[in-house]
Amino acid sequence: MALPVAIIGAGLAGISAARALIARGQAVQIFDKGRGPGGRLATRRIEAEGRKLQFDHGAQYLRAEGAGFAAALAEAGTAPWPDTQRRVGVPSMSAVPRALLGDISWVASRHVGQITGHPGAWMLRHWDARLVRPGEPLPASAPEEAGPFAAVLLTMPAIQAREVLGHNAPSLHDALGAIRYAPCWTVMAAFNAPLPLPQTLRPEAHAIGWAARDSSKPGREAAQENWVIQAGPAWTRAHLELSAEDIAAPLLTALAGFSAAPLPAPFMAVAHRWRYSLLEAPLGEPCLWDNTVRIGYASDGCIGGRAEAAWDSGAALAARVLA
Ligand SMILES: Cc1cc2nc3c(=O)[nH]c(=O)nc-3n(C[C@H](O)[C@H](O)[C@H](O)COP(=O)(O)OP(=O)(O)OC[C@H]3O[C@@H](n4cnc5c(N)ncnc54)[C@H](O)[C@@H]3O)c2cc1C
């Protein structure tokens with residue numbers, strides 16, 4: 001293909017697709033609305049009380065079942081945590097997508113809102129991501145335009161992909177409707193003293209779905225006591241539209257229920273709402289590709305709800321594009 005392929009999304013699926021295409025000599029151009037790459041493989045940095053804190057508030061650990069993702073995790077310099085089967089980025093989870101992207105250039109902080117043009121010469125309209133609010137119409141300001149592109153690959157949660165797709169590939173649009181994600185409220189909290197709790201908690205049928213001493217991961221500030229507390233899907237749904245300020249207190253109370261002694265108050269606690277977190281209903285196919293219009297879709301939503309599934313889906317889509 002003489003023209004480049006556009007990839008919307010620099011999460012694991014987008015990075016994997018990009019690497020596979022570039023390896024076969026196909027030029028790509030990647031766009032992401034985030035300031036850094038990685039999507040849900042994310043690290044939040046916060047300064048509080050004069051201290052620099054960090055929290056992996058998206059994916060907690062990575063596990064490779066297949067050789068492809070195992071090789072990627074080795075290349076990205078991941079280390080085992082909290083056991084030998086699971087791995088994390090060092091010194092942060094966001095180091096993984098950065099390492100895998102390497103020197104592939106990408107366009108940051110741009111929200112792609114529309115695909116225009118026609119098959120074989122697609123154009124993308126993109127806006128400053130700070131101006132775009134989820135669920136609201138695209139900004140009235142004029143977008144920038146990029147293209148033409150030989151093909152367009154969408155690599156984000158299915159609901160977001162449908163918004164960008166518009167009427168350009170009706171078969172894809174319909175198929176994406178089958179994919180559903182659970183939301184997840186996540187609290188990041190920092191304490192002055194160690195909590196009398198194990199490194200990780202994964203209770204069943206509880207407000208908390210997962211909690212972990214994030215600062216115990218390899219390469220972190222071991223003197224810090226930073227926790228990531230993720231609510232389970234039922235609790236998150238019941239509290240989805242609360243403001244972030246109202247989320248930390250009930251989840252910290254729930255965490256205290258696992259300790260025999262009262263827990264100290266954190267000196268910093270903030271909440272983040274993931275509207276699309278773990279997968280509840282997958283597509284059941286490795287990826288989607290409409291060869292007539294040359295638009296495709298890859299993400300964890302296709303096969304599995306885990307980082308490895310996103311990686312494999314991106315590679316599967318690249319293979320379809322090149323076939
Ligand atoms: C709270 C939480 C906990 C998790 N825990 C784990 C775990 O422990 N282990 C595990 O394996 N997996 C876990 N996951 C799932 C894992 O993070 C995902 O499977 C994986 O990161 C998905 O990668 P992706 O590339 O498919 O999508 P994403 O990572 O969502 O990447 C999509 C990218 O597209 C960008 N984007 C979206 N729309 C646009 C647009 N219009 N214009 C431009 N850019 C756009 C986004 O900014 C994002 O960077 C967790 C996820 C969450 C949210």
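In the views that follow, a residue is buried when its relative accessible area is under 20% and exposed when the value is over 50%, with partly exposed in between. Please keep in mind that every view shows a predicted model.

**View A. Glu-144 and Arg-110 join strands E10 and E8 through a salt bridge.** The closest N and O atoms of Glu-144 and Arg-110 are 3.8 Å apart. This pair links distant parts of the chain, with Glu-144 in strand E10 (residues 144–149), Arg-110 in strand E8 (residues 110–118), and their positions 34 residues apart in sequence. How accessible are the two partners? Glu-144 counts as partly exposed because its relative accessibility is 46%. Arg-110, at 17%, falls under the 20% cut-off and therefore counts as buried. The whole structure holds 15 salt bridges, so there are further pairs to look at in the next views.

**View B. Arg-125 and Glu-145 form a salt bridge between E9 and E10.** Their side chains meet with an N to O distance of 3.6 Å. Arg-125 belongs to strand E9 (residues 121–128) and Glu-145 to strand E10, so this contact ties together parts that are 20 residues apart in sequence. Both ends of the pair lie between the cut-offs for buried and exposed: Arg-125 has a relative accessibility of 30% and therefore counts as partly exposed, and Glu-145, at 47%, is partly exposed too.

**View C. Glu-225 and Arg-213 make a buried salt bridge.** Here the closest N and O atoms are 2.9 Å apart. Glu-225 sits in strand E16 (residues 225–231) and Arg-213 in strand E15 (residues 208–213), so the pair connects parts that are twelve residues apart in sequence. Are these two residues buried or exposed? With 6% relative accessibility, Glu-225 counts as buried. Arg-213 is buried as well, at 10%. As general background, side chains of opposite charge can pair when their charged atoms come close.

**View D. Four charged residues share a network of salt bridges.** The members are Asp-56, Asp-214, Lys-217 and Arg-220, and salt bridges link them together.

**View E. Strand E16 is mostly covered.** Seven of its seven residues are buried. Which residues point which way from E16? Glu-225, Trp-227, Ile-229 and Ala-231 point one way, while Asn-226, Val-228 and Gln-230 point the other way, and all of them are buried. Glu-225 is also the residue of E16 that reaches Arg-213 in the salt bridge of View C.

**View F. E16 lies in an open sheet of five strands.** The order is E14-E15-E16-E13-E17, with antiparallel pairing. At the edges are strand E14 (200–201) and strand E17 (268–274), each of which pairs on one side only. E16 therefore has E15 on one side and E13 on the other in this order. Six bridges join strand E13 (residues 184–191) to E16, and the two run antiparallel. Along that pairing, Phe-191 has Glu-225 as its bridge partner, and Ala-189 stands opposite Trp-227. Five bridges join E15 to E16, again antiparallel, and the bridge partner of Ile-208 in E16 is Ala-231. In general, strands of a sheet pair through backbone hydrogen bonds, either parallel or antiparallel.

**View G. Polar contacts hold our attention at the ligand.** A polar side-chain atom of Asp-32 lies 2.6 Å from an oxygen atom of the ligand. The backbone takes part as well: a polar backbone atom of Ala-13 is 2.9 Å from a ligand oxygen, and a backbone N or O atom of Tyr-61 lies 2.7 Å from a ligand nitrogen. On its own the ligand has 1,000 Å² of accessible area, and the protein covers 95% of that.

**View H. A shell of 33 residues surrounds the ligand.** The closest are Asp-32, Arg-40, Tyr-61, Ser-299 and Asp-300. Which elements supply at least two residues each? They are helix H1 (12–23), E8, helix H4 (158–165) and helix H9 (307–322). E8 provides the largest share, three residues, and it is also the strand that holds Arg-110 of View A. What is the make-up of the shell in nonpolar, polar and charged residues? The shell divides into 14 nonpolar, 13 polar and six charged residues.

Definitions and conventions:
Residues are numbered from 1 along each chain as its sequence is written. This is a predicted model: local features need pLDDT of at least 70, side-chain atom pairs count only at pLDDT 80 or more; totals for chains, interfaces and linings use all residues. Side-chain values use heavy atoms; hydrogens and water are left out. Helices (H or I, at least four residues) and strands (E, at least two) are DSSP runs, numbered from the N terminus. Buried means under 20% relative accessible area, exposed over 50%, partly exposed in between (1.4 Å probe, protein chains only). A residue is near a molecule or strand if one of its heavy atoms lies within 4 Å of it. A polar contact is a pair of N or O atoms within 3.5 Å; within protein, one must be able to donate a hydrogen and the other to accept it, and residues adjacent in sequence count only if both atoms are side-chain atoms. Accessible areas come from the Shrake-Rupley method with a 1.4 Å probe; for residues, only the protein chains shown count as cover. Ala, Val, Leu, Ile, Met, Phe, Trp, Tyr, Cys and Pro count as nonpolar, Asp, Glu, Lys and Arg as charged, and the others, Gly among them, as polar.
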